[in-house]
Amino acid sequence: MSEEGWLDTLTWGLSGTSALAMMVGGVVPYIPQYLEIKRTENPEGFSLYVCLVLLIANTLRILFWFGHWFELPLLFQSIIMNIAMMMIISLCVSIRNKGQLVHGKEHVFTDFDYDYFWEWTDVQSYVEFMMTFSTMGCLLMYVFIDSIVFVETAGFVSVLTEAMLAVPQFYKNFVSKSTFGMSRQMVLMWLMGDTFKTIYFFLRSAPLQFFICGCLQIFIDIAVLGQCFIYRKKNSHLIN
């Protein structure tokens, strides 16, 4: 095989590897957190609003693809991420229900009670909310798919929402003044994954909003890691 042929093969291999990493790499940071929750049977250190942010962001990204096609690995990444988030929600809800000594009043999506939004007591409610959101999004995208402003706004809101994924965890840590129960491996993988993803966006000439919000994600990841250092004394006290 000629030198040019080897280079083409190497380029194809690297491109395929990076695409595969992009598809499945997004869910890898949540494996340590999932295992931590399952091991301790305590989901309180993890904010379920992280799942909400990612479900909204990735659903919007899927809708954005129909109006502005981008690389398929990014589309498949969103589908895989949504499945992973529903798995984490299912685990947390089941543990919370099992840990109740007294069976209290159930709170479901169809109650339309704002005070218990995203704190429902059954997994079906989370699925119903996402189905409702997805259906409304599909209808709007179908009606306004010829509007460049609408489509690009949907894409920007998608990546901006995803860039905020660590904010609920940051806020939860700030309120409790502790990172106990939060997987540090998850946050480190957030940082590594977001750095890789942002570089990937830049090199692959993805829509500009993807790159800008990737940089924002890196900044917030670093802030959450900083909390691990700031609250380290209280974490040691809780562990003891």
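A contact means heavy atoms within 4.5 Å. The model is predicted: local features need pLDDT of at least 70, side-chain atom pairs count only at pLDDT 80 or more, and totals for chains, interfaces and linings use all residues. Residues are numbered from 1 along each chain as its sequence is written, and side-chain values use heavy atoms, with hydrogens and water left out.

**Exercise 1. The contacts of Arg96**

Task: State which residues Arg96 touches, not counting residues up to four places away in sequence.

Solution.
Step 1. Place the residue. Arg96 is part of helix H4. Helices (H or I, at least four residues) and strands (E, at least two) are DSSP runs, numbered from the N terminus.
Step 2. List the partners. With residues up to four places away in sequence left out, Arg96 touches Pro43, Glu44 and Leu48.
Step 3. Compare sequence and space for one partner. Arg96 and Pro43 are 53 residues apart in sequence, and their C-alpha atoms are 7.6 Å apart in space.
Step 4. Classify the exposure. Buried means under 20% relative accessible area, exposed over 50%, and partly exposed in between (1.4 Å probe, protein chains only). Arg96 has a relative accessible area of 29%, so the residue is partly exposed.

**Exercise 2. The whole chain**

Task: Find how many helices and strands the chain has, and what share of its residues is buried.

Solution.
Step 1. Count the elements. The chain has ten helices and zero strands. Along the sequence, the pattern reads α-α-α-α-α-α-α-α-α-α.
Step 2. Take the buried share. Of the 240 residues in the chain, 42% are buried.
Step 3. Consider the contacts with a separation of 6 or more. Residues 24 or more positions apart account for 77% of these.
Step 4. Add the surface. About 13,800 Å² of the chain is exposed, and carbon and sulfur atoms supply 71% of this area. Accessible areas come from the Shrake-Rupley method with a 1.4 Å probe; for residues, only the protein chains shown count as cover.

**Exercise 3. The two sides of helix H2**

Task: Explain why the buried residues of H2 line one face of the helix.

Solution.
Step 1. Identify the buried residues. In H2 (residues 30–40) they are Tyr30, Pro32, Gln33 and Ile37.
Step 2. Look down the axis. The buried residues of H2 fall within an arc of 155°, so they line one face of the helix. The arc is that of the directions from the helix axis to the C-beta atoms.
Step 3. Turn to the other side. There, Leu35, Lys38 and Arg39 are exposed.
Step 4. Find the packing partners. The buried residues of H2 pack against helix H3 (49–67), helix H4 (72–98) and helix H8 (184–203).
Step 5. Go on past the helix. Glu41 follows H2 and is found in the loop between H2 and H3. Phi of Glu41 is positive, near 55°, in a residue other than glycine. With 48% relative accessibility, Glu41 counts as partly exposed.

**Exercise 4. Phe112 and Thr110**

Task: Is Phe112 buried or exposed?

Solution.
Step 1. Locate the residue. Phe112 lies in the loop between H4 and helix H5 (123–144).
Step 2. Apply the cut-offs. Its relative accessibility is 66%, so Phe112 counts as exposed.
Step 3. Check the backbone. Phe112 has a positive phi of about 55°, although it is not a glycine.
Step 4. Take another residue of this loop. Thr110 is also placed between H4 and H5, and it is partly exposed at 47% relative accessible area. The C-alpha atoms of Thr110 and Ser125 are separated by 7.5 Å, with their positions 15 residues apart along the chain.

**Exercise 5. Cysteines**

Task: Determine why Cys213 forms no bond with the closest cysteine sulfur.

Solution.
Step 1. Recall the chemistry. A disulfide is a covalent bond between the sulfur atoms of two cysteines.
Step 2. Set the rule. A disulfide is counted as a pair of cysteine sulfur atoms within 2.5 Å.
Step 3. Apply the rule. The closest cysteine sulfur to that of Cys213 is in Cys215, 9.1 Å away, which is too far for a bond. The count comes to zero disulfides.
Step 4. Classify both residues. Cys213 is buried, with a relative accessible area of 2%, whereas Cys215 is partly exposed at 36%.
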